[in-house]
Amino acid sequence: MNVEILKIEKLTHDVKQLKVEKPKGFTFVPGQATEVAIKKQGWEEKKRPFTFTSLPEEDYLQFVIKSYHDHDGVTDRIDRLKIGDQLILDDAWGAIQYKGKGVFIAGGAGVTPFISIFKSLKESGELAGNKLIFANKTAEDVILESWFREILGDDFLSILDKEDLEGHFHGRVDKEFLENHVDDFSQQFYVCGPEPMIKAVNQNLEELGADAEEIVFEK
Ligand SMILES: Cc1cc2nc3c(=O)[nH]c(=O)nc-3n(C[C@H](O)[C@H](O)[C@H](O)COP(=O)(O)OP(=O)(O)OC[C@H]3O[C@@H](n4cnc5c(N)ncnc54)[C@H](O)[C@@H]3O)c2cc1C
């Protein structure tokens with residue numbers, strides 16, 4: 001399915017939000033992703049997974065995409081696209097699904113499945129009681145910080161490992177951090193981010209008696 005880019009907004013120094021056309025009858029569940037390719041010669045076969053950050057009932061689709069400029073990959077190209085350029089989408093698939101109130105732990109662009117899930121919980125009045133722990137390197141990497149603060153209040157915890165700043169915790173999501181900020185390890189845990197972070201967080205969660213849903217975003 002070819003879809004046109006309708007709007008592009010810069011969210012951080014390396015993350016953009018893309019609003020695109022929604023094909024007729026297209027549907028997905030919050031937390032799901034699809035394979036995306038760029039409709040330009042030489043790029044049409046290079047599919048990469050990205051998560052929908054809009055709500056299924058909206059009349060457009062939206063993605064939040066972090067670009068890696070260290071090599072000539074798809075995300076580097078996506079960063080150069082303009083309104084009117086086209087993407088090629090597949091059907092929606094898998095990824096993370098909401099299974100009840102819990103603790104969401106994200107690293108960097110790993111927060112994207114949680115955006116659509118939180119939007120949908122906010123719409124249905126079920127957001128209260130969910131917590132987001134969002135890990136990044138520096139404050140300028142934090143995607144949609146003010147929106148998360150607004151909708152989650154004290155249940156939004158930002159942790160930075162390369163900066164010690166007011167309003168953010170400093171360090172990594174280690175066992176001590178989890179013990180200090182989570183009071184119930186029998187609730188749902190949702191973890192999404194780069195592989196080393198997921199491995200470390202899951203090991204800590206297991207040791208604390210929790211069982212997590214996870215997605216690995218980057219190796
Ligand atoms: C289910 C799922 C959903 C996802 N949803 C999102 C989303 O909503 N938003 C988002 O931003 N990301 C998302 N991702 C991650 C996204 O798919 C990757 O960032 C993307 O595939 C990278 O594509 P690329 O072509 O730019 O890099 P690739 O070429 O595919 O490279 C992937 C990784 O390897 C490294 N790498 C590879 N080759 C080189 C090289 N030659 N030199 C240096 N480094 C190299 C890159 O740094 C990068 O981290 C998701 C991933 C999954 C699995």
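**Pocket and ligand site: a quick chat**

Modeller: Let's begin with the largest pocket: 27 residues line it, and Ala135, Lys137, Asp161, Pro194 and Met197 lie nearest its centre. Bear in mind that this is a predicted model.

Biologist: Thanks! Which elements give two or more residues to that lining?

Modeller: Those are β8 (131-136), β9 (156-160) and α5 (195-207). The element that gives the most is α5, with five residues.

Biologist: And how much space lies in the largest pocket?

Modeller: About 610 Å³.

Biologist: How does the lining of the largest pocket split by class?

Modeller: There are 13 nonpolar residues in the lining, along with nine charged and five polar ones.

Biologist: Where does the largest pocket lie relative to domain 1 and domain 2?

Modeller: The largest pocket lies between them, because domain 1 (2-89) and domain 2 (102-217) both give residues to its lining.

Biologist: Okay, switching to the ligand. Which residues come nearest to the ligand?

Modeller: Pro49, Val64, Lys66, Val74 and Thr75 come nearest, out of 18 residues around the ligand.

Biologist: What polar backbone atom is 2.7 Å from an oxygen atom of the ligand at Pro49, side by side with what you see at Val74?

Modeller: At Pro49, a polar backbone atom sits 2.7 Å from a ligand oxygen. At Val74, a backbone N or O atom is also 2.7 Å from an oxygen atom of the ligand. Lys66 has a backbone N or O atom 2.8 Å from a ligand oxygen.

Biologist: How much of the ligand does the protein bury?

Modeller: The protein buries 73% of the 970 Å² that the ligand exposes when taken alone.

Biologist: Which elements supply at least two residues of the shell around the ligand?

Modeller: Three fit that: β4 (48-51), β5 (60-66) and α1 (74-78). The largest share comes from β4, with four residues.

Biologist: What's the make-up of the shell around the ligand by class?

Modeller: The shell has 10 nonpolar residues, five polar and three charged.

Biologist: Last one: why does the ligand lie between domain 1 and domain 2?

Modeller: Because both domains, domain 1 (2-89) and domain 2 (102-217), give residues to the shell around the ligand.

Note on methods:
Residues are numbered from 1 along each chain as its sequence is written. This is a predicted model: local features need pLDDT of at least 70, side-chain atom pairs count only at pLDDT 80 or more; totals for chains, interfaces and linings use all residues. Side-chain values use heavy atoms; hydrogens and water are left out. On a 1 Å grid over the protein atoms alone, a cavity is a set of points where a 1.4 Å probe fits but cannot get out, and a pocket is an open set with protein on both sides within 12 Å along at least five of seven lines; lining residues have an atom within 4 Å of a point. Grid points are joined across faces, edges and corners, and a volume is the space filled by probe spheres set on the points. Ala, Val, Leu, Ile, Met, Phe, Trp, Tyr, Cys and Pro count as nonpolar, Asp, Glu, Lys and Arg as charged, and the others, Gly among them, as polar. Domain bounds come from an automatic or database domain assignment. A residue is near a molecule or strand if one of its heavy atoms lies within 4 Å of it. A polar contact is a pair of N or O atoms within 3.5 Å; within protein, one must be able to donate a hydrogen and the other to accept it, and residues adjacent in sequence count only if both atoms are side-chain atoms. Accessible areas come from the Shrake-Rupley method with a 1.4 Å probe; for residues, only the protein chains shown count as cover.
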